[in-house]
Amino acid sequence: MDQIVWSFLATAAIILFLSAITAYRNTILTASNFNRRRSSKLSSPAIPLGNLGILPFIGETIHFISCAYSDKPETFMDKRRLVYGKVFKSHLFGSPTIISTDAEVSKIILQSDASIFVPSYPKSLMELMGKSSILLVNGSLHRRMHGLIGSFIKSPNLKAQITADMQKYVMASMDKWREDSPVFIQDEAKHIGFQVLVKALISLKPSDEMEVLKKHFQEFIAGLMSLPLNFPGTQLYRSLQAKKKMIQVIHRIIQTKRENNGGGGKMNPARDVADALVKDTNEHLTDDLIAENMIDLMIPGEDSVPVLITLAVKYLSDSPLALKQLTEENMNLKMVKEKLGEPLYWNDYMLSLPFTRSVITETLRMGNIIIGVMRKAMKDVEIKGYHIPKGYCVLSYFRSVHLDDSLYESPYQFNPWRWHDKDISYCYNFTPFGGGQRLCPGLDMARLEASIFLHHLVTQFRWEAEEDSIVNFPTVRMKRRMPIWVRRRRDT
């Protein structure tokens with residue numbers, strides 16, 4: 001999600017107190033029901049070992065959050081792994097929670113359907129997203145939406161469009177960079193990424209209307225991790241009002257699309273994601289559902305892709321050998337294309353830059369833009385000898401897997417060469433985009449945009465980075481927005 005600022009532990013404690021009171025009775029019932037089942041089935045798999053904490057409602061949440069704000073958020077997990085193993089129980093955000101730092105267990109959780117696990121998110125986030133969000137819906141509607149969106153995003157036509165747009169916006173942005181003042185990579189990447197994604201979603205180009213939409217969007221995402229209080233004056237209320245205004249804008253765009261389709265537009269190929277959904281005949285794909293999901297899908301343009309780009313620049317700045325090899329690879333491709341008199345196409349970025357791809361992969365592993373996913377068990381589940389009771393939350397914590405020294409040699413070292421000739425599509429211990437039926441459909445698009453940005457950066461500029469540090473909670477971002485001082489290349 002976006003670069004949202006929580007008020008440190010006090011805010012987290014209030015969130016817990018307000019939300020956990022309503023869940024407390026269910027927690028006790030779940031525990032008592034489980035104890036009755038265990039007394040009658042002594043030979044069945046056991047609930048993972050762990051500690052629910054000594055504080056009612058809060059459990060171990062304060063310790064979890066204090067670790068999350070540190071340089072190594074995984075220390076909360078590491079301490080418990082040493083005592084209890086890679087799968088253990090805790091009590092986080094008002095709910096008893098099974099935490100998995102085991103790659104095999106997490107893989108099974110991710111691949112399970114809605115009859116076993118369903119998404120579980122904070123109350124304020126669920127209210128903002130709405131029941132029809134692709135993040136929350138289950139069953140046939142989710143499969144239909146995910147399939148339509150995924151197929152369109154992976155299409156060569158959209159990749160070509162994104163390549164052209166990304167190149168245009170990146171070059172327009174870089175043309176304005178000055179050598180006598182710092183460039184803040186995080187800000188630049190967010191500005192570019194939002195423009196590219198909104199055009200891919202609803203064909204809205206940079207304009208006054210886009211600026212209005214972006215303003216409302218900033219207000220909307222500020223509420224994703226807010227207190228679950230909805231009345232005038234609260235952040236959640238302001239965010240919901242901003243969402244209503246965004247829906248009005250998108251509704252007008254959708255209505256225009258339906259009118260065009262009524263005149264034979266169904267025969268024309270979809271130009272954007274909204275088109276792909278509008279052209280489908282599924283009666284559940286209403287204008288409200290499409291509009292709300294267009295808003296949800298804007299979040300990666302503000303968060304995930306810009307952070308990926310920013311972290312890649314950070315790691316390259318700290319690794320001269322990796323930067324040198326990536327620069328040589330991109331300069332060689334540029335010279336080849338110039339000799340041929342051809343522009344760079346999307347498949348050039350995706351297939352002709354293997355080391356750049358490895359740099360992006362290693363950035364995803366170390367950066368852990370998505371630290372994990374939360375699910376709720378819909379029934380008693382047994383995985384790898386562990387019992388997960390119905391009603392428990394499950395946190396698949398990707399960060400611990402990606403930084404596990406039994407899976408990766410020197411896991412805290414930025415080493416893109418570790419991915420040489422490795423097929424990551426079958427790598428179950430590498431899940432930066434989730435997995436299973438809810439695998440992020442935009443994973444190729446994120447890699448493509450990052451590759452384009454890095455190509456133009458290293459072929460046009462040399463730079464020196466100012467000191468900056470990574471903030472890991474509540475979302476991953478650079479503390480000082482990654483300032484660099486650039487010098488234009490004179491050898492190109």
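Mentor: A salt bridge is a side-chain nitrogen of Lys or Arg within 4 Å of a carboxyl oxygen of Asp or Glu. This is a predicted model, in which local features need pLDDT of at least 70 and side-chain atom pairs count only at pLDDT 80 or more, while totals for chains, interfaces and linings use all residues. Residues are numbered from 1 along each chain as its sequence is written, and side-chain values use heavy atoms, with hydrogens and water left out.

Trainee: How many residues apart in sequence are the parts that K257 and D272 tie together?

Mentor: The side chains of K257 and D272 meet in a salt bridge, at 2.7 Å from N to O. K257 lies in helix α10 (residues 235-262), whereas D272 is in the loop between α10 and α11 (273-278); helices are DSSP runs of H or I with at least four residues, strands are runs of E with at least two, and both are numbered from the N terminus. The pair therefore ties together parts whose distance in sequence, in residues, is 15.

Trainee: Which side chain of opposite charge is nearest to K159?

Mentor: K159 is placed in helix α7 (residues 156-174), and its contacts (heavy atoms within 4.5 Å), leaving aside neighbours within four places in sequence, are I153, K154, W346, D444 and L448. K159 is buried yet has no salt bridge, where buried means under 20% relative accessible area, exposed over 50% and partly exposed in between (1.4 Å probe, protein chains only). Lys and Arg count as positive and Asp and Glu as negative, with His and the chain ends not counted. The nearest side chain of opposite charge to K159 lies 4.2 Å away and is that of D444.

Trainee: Around the axis of α3, what arc do its buried residues cover?

Mentor: In helix α3 (residues 75-84) the buried residues are F76, M77, R80 and R81. They lie on the same side of α3 because the arc, taken from the directions from the helix axis to the C-beta atoms, is limited. On the other side of α3, L82 and V83 are exposed, and the elements that cover the buried residues include α2, β1, β2, β8 (393-397) and α18. The arc covered by the buried residues of α3 is only 120°.

Trainee: How are the rings of F64 and F93 arranged as a pair?

Mentor: The structure holds 10 aromatic pairs, which are rings of Phe, Tyr and Trp (its six-membered ring) with centres within 6.5 Å, stacked with planes under 30 degrees apart, edge-to-face over 60 and tilted for the rest. F64 and F93 have ring centres 6.0 Å apart and planes at 85°, so the pair is edge-to-face.

Trainee: Which residue joins F64 and F93 in one aromatic cluster?

Mentor: F64 is buried, with a relative accessible area of 7%, whereas F93 is partly exposed at 28% relative accessibility. The third member of their aromatic cluster has the charged end of R80 over its ring, 3.7 Å from the centre; a charge sits over a ring if NZ of Lys or CZ of Arg is within 6 Å of the ring centre and within 35 degrees of the ring normal. The residue that joins F64 and F93 is F76.

Trainee: Is D318 buried or exposed?

Mentor: The side chains of K314 and D318 meet in a salt bridge at 3.1 Å, N to O. K314 is buried, with a relative accessible area of 12%. D318, at a relative accessible area of 51%, is exposed.
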